[in-house]
Amino acid sequence: MPELFAYTDGACSGNPGPGGWGVLLQAKEGETVVKERELSGGEAETTNNRMELLAAIAALETLSKPSHLTIVTDSAYVKNGVTGWIHGWKRNGWKTSNKKPVKNVELWQRLDAAQARHDVTWEWVKGHAGHPENERADELARAGMAPFKSGKSA
């Protein structure tokens with residue numbers, strides 16, 4: 001049975017500004033990639049954190065059946081949020097420890113719901129450090145942003 005990996009990334013030109021997200025989905029048997037799929041999208045006015053979240057959401061929502069997968073992100077915000085902070089936010093009615101509303105709450109709730117269907121392992125990698133799959137996810141994110149950056153709508 002192949003192992004599933006989702007390499008996710010978000011990009012923004014200006015923060016806020018036009019942004020994009022990208023996902024490289026791979027099924028691997030050992031080191032061999034047996035199946036691959038690329039996803040990307042973007043928005044005209046967004047933030048880098050929103051794009052990072054949307055990449056992870058897209059990876060999970062695109063899987064039609066419950067799966068065991070590893071999501072590899074270069075966003076400490078996403079990894080720390082989904083593996084740690086989210087538990088307290090949910091307990092506190094989606095408020096931070098300072099009793100302030102959680103930023104991007106609708107995306108965190110969507111990520112929480114999408115993740116609940118799957119068995120997910122989260123890994124962080126340093127961005128822009130030559131990790132081939134992370135670099136590809138970054139290219140997809142920039143491609144997702146391109147139509148919005150030039151002023152055209154998708």
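In which loop is the place of His-128? In this predicted model, His-128 lies in the loop between β5 (119-124) and α4 (132-149). Although His-128 is not a glycine, its phi is positive, at about 55 degrees. With a relative accessibility of 60%, His-128 counts as exposed because the cut-off for that class is over 50%.

A positive phi also occurs at Trp-94, another residue other than glycine, where the value is near 60 degrees. Trp-94 belongs to the loop between α2 (76-91) and α3 (105-116). Its relative accessibility is 17%, and Trp-94 therefore counts as buried, the limit for this class being under 20%. Gly-93, just after α2, likewise takes a positive phi, of about 65 degrees.

Helix α2 itself comprises 16 residues and reaches 22 Å from its first C-alpha to its last, close to the 22 Å expected at 1.5 Å a residue. A bend of about 55 degrees is found in α2 at Trp-85. The buried residues of this helix are Tyr-77, Val-78, Gly-81, Val-82, Ile-86, Gly-88 and Trp-89. An α-helix has 3.6 residues a turn, so residues three or four places apart point the same way. The cover over the buried residues of α2 includes two helices, α1 (48-61) and α3, together with the strands β4 (68-73) and β5.

The strands β1, β2 and β3 were examined next. Strand β2 is mostly covered, with twelve of its 13 residues buried. Its pairing with β1 is antiparallel and runs over ten bridges, and Gly-10 has Trp-21 of β2 as its bridge partner. Four residues separate the strands in the hairpin of β1 and β2, where Gly-14 adopts a positive phi near 85 degrees. The loop between β1 (3-12) and β2 (17-29) also holds Pro-16, and the peptide bond from Asn-15 to Pro-16 is cis, with omega near 15 degrees.

Strand β2 further pairs with β3 (residues 32-46), again in the antiparallel sense, over twelve bridges. Within this pairing, Ala-27 has Lys-35 of β3 as its bridge partner. The hairpin formed by β2 and β3 has two residues between the strands, and Gly-30 in the turn shows a positive phi of about 65 degrees.

Notes:
Residues are numbered from 1 along each chain as its sequence is written. This is a predicted model: local features need pLDDT of at least 70, side-chain atom pairs count only at pLDDT 80 or more; totals for chains, interfaces and linings use all residues. Side-chain values use heavy atoms; hydrogens and water are left out. Buried means under 20% relative accessible area, exposed over 50%, partly exposed in between (1.4 Å probe, protein chains only). The expected span of a helix is 1.5 Å times one less than its number of residues. The bend at a residue is the angle between axes fitted to the seven residues ending there and the seven starting there. Contact means heavy atoms within 4.5 Å. Two strands pair if DSSP finds at least two bridges between them.
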